[in-house]
Structure formats: structure tokens, C-alpha cells
Amino acid sequence: MAKRKVALLMPVGTGVGGTQEGVDSLGHGLLFLINSKNPDYVVFFGSEVSKKTIESIKRQYFEEEGEEFDYYEFIDIEDVDNF
């Protein structure tokens with residue numbers, strides 16, 4: 001039997017208070033979840049503003065792992081309250 005590929009689907013926000021510290025805190029939590037689930041691919045859902053969180057995840061991943069976080073896709077949701 002072939003090994004299954006695992007995708008992780010995640011909504012992404014902007015963190016508490018709209019500060020870089022809030023963004024980094026949220027990014028850290030999401031990265032912890034990503035690392036604990038160890039998916040082959042991650043699909044993020046969010047707004048244009050939440051792309052800052054993705055950048056934070058990529059930066060933190062590089063700092064921790066020493067390699068690029070490049071196994072993801074971002075899907076822009078225009079009406080995030082109606083997701």
C-alpha cells in the first residue's frame with residue numbers, strides 16, 4: 001500500500017492587537033501545530049492582511065529548521081467573516 005500524503009488546512013488570522021508581537025505569537029502557535037502534525041503540504045486560508053502571519057511562520061521556521069518553509073499554498077478569502 002502506498003504511503004498517504006497528508007495536507008493540513010488552516011485558517012489564518014492576524015494576531016491579537018494588530019501588533020508584530022501578536023502576529024509572531026499567532027505564527028508561533030500555528031507553526032507548533034504544523035510541526036506536531038507533520039503534514040506534507042499546508043493550505044492556509046485568510047485575508048490579504050493575514051499574509052503577515054504567513055511571513056512570520058516562514059521566518060520562524062527558517063530560524064528553527066534552517067530551511068525554507070515552501071510546502072504551502074495561500075488561498076485569499078475576501079469575506080473572512082463568511083468563510
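**Entry 1: β1 and β2.** I began with the pairing of β1 and β2 (residues 41-46): these two strands run parallel and are joined over five bridges. Note to self: this is a predicted model. I then looked up the partner of L9 and found V43, over in β2.

**Entry 2: faces of β1.** Which side chains of β1 are buried? I went along residues 7-11 and found that L8 and M10 point to one face and are buried. A7, L9 and P11 point to the other face and are not buried. That fits the textbook pattern, since side chains in a regular strand alternate between the two faces of the sheet.

**Entry 3: the whole sheet.** Next I wrote down the strand order. The sheet is open and has three strands, β1-β2-β3, with parallel pairing. At the edges I have β1 and β3 (72-76), each pairing on one side only. From one strand to the next, the twist averages 20°.

**Entry 4: β2 and β3.** How many bridges join β2 to β3? I noted five, with the two strands running parallel. For F44 I looked up the bridge partner in β3, and it is F74.

**Entry 5: the helices.** I took α2 (residues 51-65) next: this helix packs on the sheet and touches β2 and β3. Its direction makes about 170° with that of β3. Then I went back to α1, which lies across β1 and β2 and runs at about 160° to β1. I also checked the handedness of the connection: β1, α1 (residues 20-37) and β2 make a right-handed β-α-β unit.

**Entry 6: S50.** I found S50 in the loop between β2 and α2. Is this serine, S50, buried or exposed? S50 counts as buried because its relative accessibility is 0%, and the cut-off for buried is under 20%. I then listed what S50 touches, leaving aside neighbours within four places in sequence: V12, G13, T14 and F74. F74 was already in my notes as the bridge partner of F44.

**Entry 7: N38.** My last stop was the loop between α1 and β2, where N38 lies. What caught my eye here is the backbone: N38 has a positive phi of about 50°, although it is not a glycine. I looked up the accessibility too. N38 has a relative accessible area of 60%, so I put it down as exposed, the cut-off being over 50%. So my two loop residues go under opposite headings: S50 is buried, whereas N38 is exposed.

Methods
Residues numbered from 1 in each chain as written. Predicted model: local features only at pLDDT ≥ 70, side-chain atom pairs only at ≥ 80, totals over all residues. Heavy atoms only, no water. Buried < 20%, exposed > 50% of the residue type's maximum accessible area, 1.4 Å probe, protein only. Helix = DSSP H or I, 4+ residues; strand = E, 2+ residues; numbered from the N terminus. Pairing = 2+ DSSP bridges. Right-handed = clockwise from strand over helix to strand, strands pointing away. Axes fitted to C-alpha atoms, helices over the stretch in contact; angles between N-to-C directions. Contact = heavy atoms within 4.5 Å.
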